[in-house]
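Biologist: Could we go through this structure together? I should like to begin with one of its helices.

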Amino acid sequence: MHPDETSAIAPPPEQVTRRHWARIAVPAVGFAVVAVAVGAYGLISGPRRYAEAGNPYPGRFVSAAAPVGYFVTSLLGALCLGALILVVTTSRPEPDGLLDSNSFRIHLVVERVSLVWPLAAGAMAVLQAAHDTGVGAGALLGSGALLDAVTVSETARAWVVVLICTLPVAVTLRFTTRWLPHVVLLVPTVVAVVAPAVTGNAGQGPDHDYATSAALVFAVALATLTGLKLVTALTGACTTRLLALLQVGVGALTVGYGALLLYLLIPGWSFDSDFARLGLLAGALVTAMWLSDCWRLATSRGSGAVPNMMGGLAMMGGLAMMGAMGAIAAMATQVAPRFLEHRYTGWDVYLGYELPHPPTIVGVLTLWRFDSFVGALGVVLAIGYTAGFVRLRRQGNHWSVGRLVAWLAGCASLVITTSSGVRAYGSAMFSMHMAEHMILNMFIPVLLVLGGPVTLALRVLPAAGEGNPPGPREWLTWLLHSRVTKFLSHPVVAFILFVGSPYIVYFTPLFDTFVRYHWGHEFMTIHFLIVGYLFYWAIIGIDPGPRRLPYPGRIGLLFAVMPFHAFFGVALMTMTSPVGATFYRSVNLPWLSSILEDQHLGGGIAWTLTELPVIIVIVALVTQWARQDRRTAARSDRHADSDYADDDLDAYNAMLRELSRMRR
């Protein structure tokens, strides 16, 4: 081959080295510029910001270091989340689950970043405590009151949660290079990303239920978008069309939920404060990147890589997102304008809205505060399932209408339960909360399981095809047959989780924390849904997955649940001290005579509401059992007919052999 042809195919080593260092140097310079700008803003505006909030000034160091630390720690979380998502979505693992060489390069990024993340989170816990108490960091460390300062600061406790979540991420990534652990590590990574976001401005004051739900989605979307762009630029990874679609999707979520947060935190869209102007800057950067991604995706062709979203443009996108995160970090360490102009009430602090009247049927059905996290998830799941159903029918394939009805009923129940008066009153009354809990844990999962979403997805999603990177169908298949799924969906494990969860949540200090914050209600919602889904998947699941017991064993397992739930309800009805007493006394509903009596009512609801789901499950089990018997009988009949035909054929052949022998 001619030397010129060789150089046209592979660039010289010097050029490769220059590109490698450029991919590192440009983000490093951009990071330094943003960090210096954030620190300078914190230093210059410090006395004014603390005076506006009515807080003591902790000194120049904390004033500058707190926003810089928030920026650095948030960026580390974004890099970890983006790298994990890239590993999960772009790798072509070996049969034993080991990552391929390209994914391993991305793994090295997240492995190294994850080692720094917990150190930064620990430092932020100290800085946040100093920031909130108005004491210098050095003085706080030397006074021996650090633990007390962290305890009284909600956001400082959130950074401790980040530290706890990031430690197993760092340790696990150091010792594994397999695909499945990267999927599992997405859970603590997401928790670490959202913890500071839901405890700052978004978790305070009037309408903080709206703001907290929006912050949950916004924090994950922003970190995902930033991480994908930066890790792609750092590693030179190819951006497939699927990843381009993902970036456009999370960009839309970032823009939409970010606008909602600005609307809630800035009264009248007045941009005459630093907070508002920083929000406008961050919004402009993110919106510009999203529109650019949309345009490049729309003008690309085919289903392969999207060239315009690689290389220099990916680097520019990463730098812009770093700028947006720097502006958000500066916003996070100051009080939102809305709280400076609003006189707080007890309901603003503990609920975010008012409940001046006792619950009635009409009031519960007409009082709507749409949950932009779980409620929106219910809407998305309904639309996605319906789209899959329509596509399957158009292809000429059959899918039961009953499954569609069950799924849509489950999604509608989820939206109503989390966005109507059931949630609004459930956040203030134990009895209504227990009704909400039982619906989420024992009723909605039954309907969702009967919908068979995994089977529908496997029939609708296209295979990636030979030579192409794995797609959603392959990821779902791998996850379905993974050891983690097999363990969690094992009937015994699912039973223990289903039965033990109420006792762990309500009879430990966990409930005192969860009931106080809106993010706690969202966490309990997701937890009860997942635990209920795993249990009913093992009992009446249509989808492939767990090793199911024989039908008599399933019925026995179902009835074994009832005594535990009955005892749980009776325990609540006979307790002489209320659970979550501090919170319910602080809410102090004027029309609620006794929180202990309300708890006894909640115990009665927990005891009695188990019957209807059990009836539905029994009907489903008996129906499935009868269908299996009919299929078994049909197979036996076909086998018997086949044996009869074989006997006739053997007799005929024997007769021919006998005639042939007689002729001889």
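Modeller: Certainly. This is a predicted model. In helix α21, the buried residues are Pro-453, Val-454, Thr-455, Leu-456, Leu-458 and Val-460.

Biologist: How much of α21 is covered, then?

Modeller: Helix α21, which spans residues 453-460, is mostly covered, as six of its eight residues are buried.

Biologist: Which helices do those buried residues pack against?

Modeller: The buried residues of α21 pack against α17 (374-394), α18 (401-419), α20 (430-450), α22 (472-480) and α26 (518-540).

Biologist: Let us turn to the surface. Which residues make the nonpolar surface patch?

Modeller: Val-184, Val-484, Phe-487, Leu-488 and Leu-497 make a nonpolar surface patch of about 380 Å².

Biologist: Which helix gives the most to that patch?

Modeller: Helix α23, residues 483-488, gives the most, with three residues.

Biologist: And where is Leu-497 found?

Modeller: Leu-497 lies in helix α24, which covers residues 491-506.

Biologist: Why can Leu-497 count towards a surface patch?

Modeller: Leu-497 has a relative accessible area of 31% and is partly exposed. Patch residues must have over 30% relative accessible area, so Leu-497 passes that cut-off.

Biologist: A change of topic: how many disulfides are there?

Modeller: The count comes to zero disulfides. A disulfide is a covalent bond between the sulfur atoms of two cysteines.

Biologist: Is Cys-411 buried or exposed?

Modeller: Cys-411 is buried, with a relative accessible area of 3%.

Biologist: What about Cys-294?

Modeller: Cys-294 is partly exposed, and its relative accessible area is 24%.

Conventions: Residues are numbered from 1 along each chain as its sequence is written. This is a predicted model: local features need pLDDT of at least 70, side-chain atom pairs count only at pLDDT 80 or more; totals for chains, interfaces and linings use all residues. Side-chain values use heavy atoms; hydrogens and water are left out. Patches are made of residues with over 30% relative accessible area and no salt bridge: like charges are joined within 9 Å, nonpolar side chains (Val, Leu, Ile, Met, Phe, Trp, Tyr) within 5 Å. Accessible areas come from the Shrake-Rupley method with a 1.4 Å probe; for residues, only the protein chains shown count as cover. A salt bridge is a side-chain nitrogen of Lys or Arg within 4 Å of a carboxyl oxygen of Asp or Glu. Helices (H or I, at least four residues) and strands (E, at least two) are DSSP runs, numbered from the N terminus. Buried means under 20% relative accessible area, exposed over 50%, partly exposed in between (1.4 Å probe, protein chains only). A disulfide is a pair of cysteine sulfur atoms within 2.5 Å. Contact means heavy atoms within 4.5 Å.
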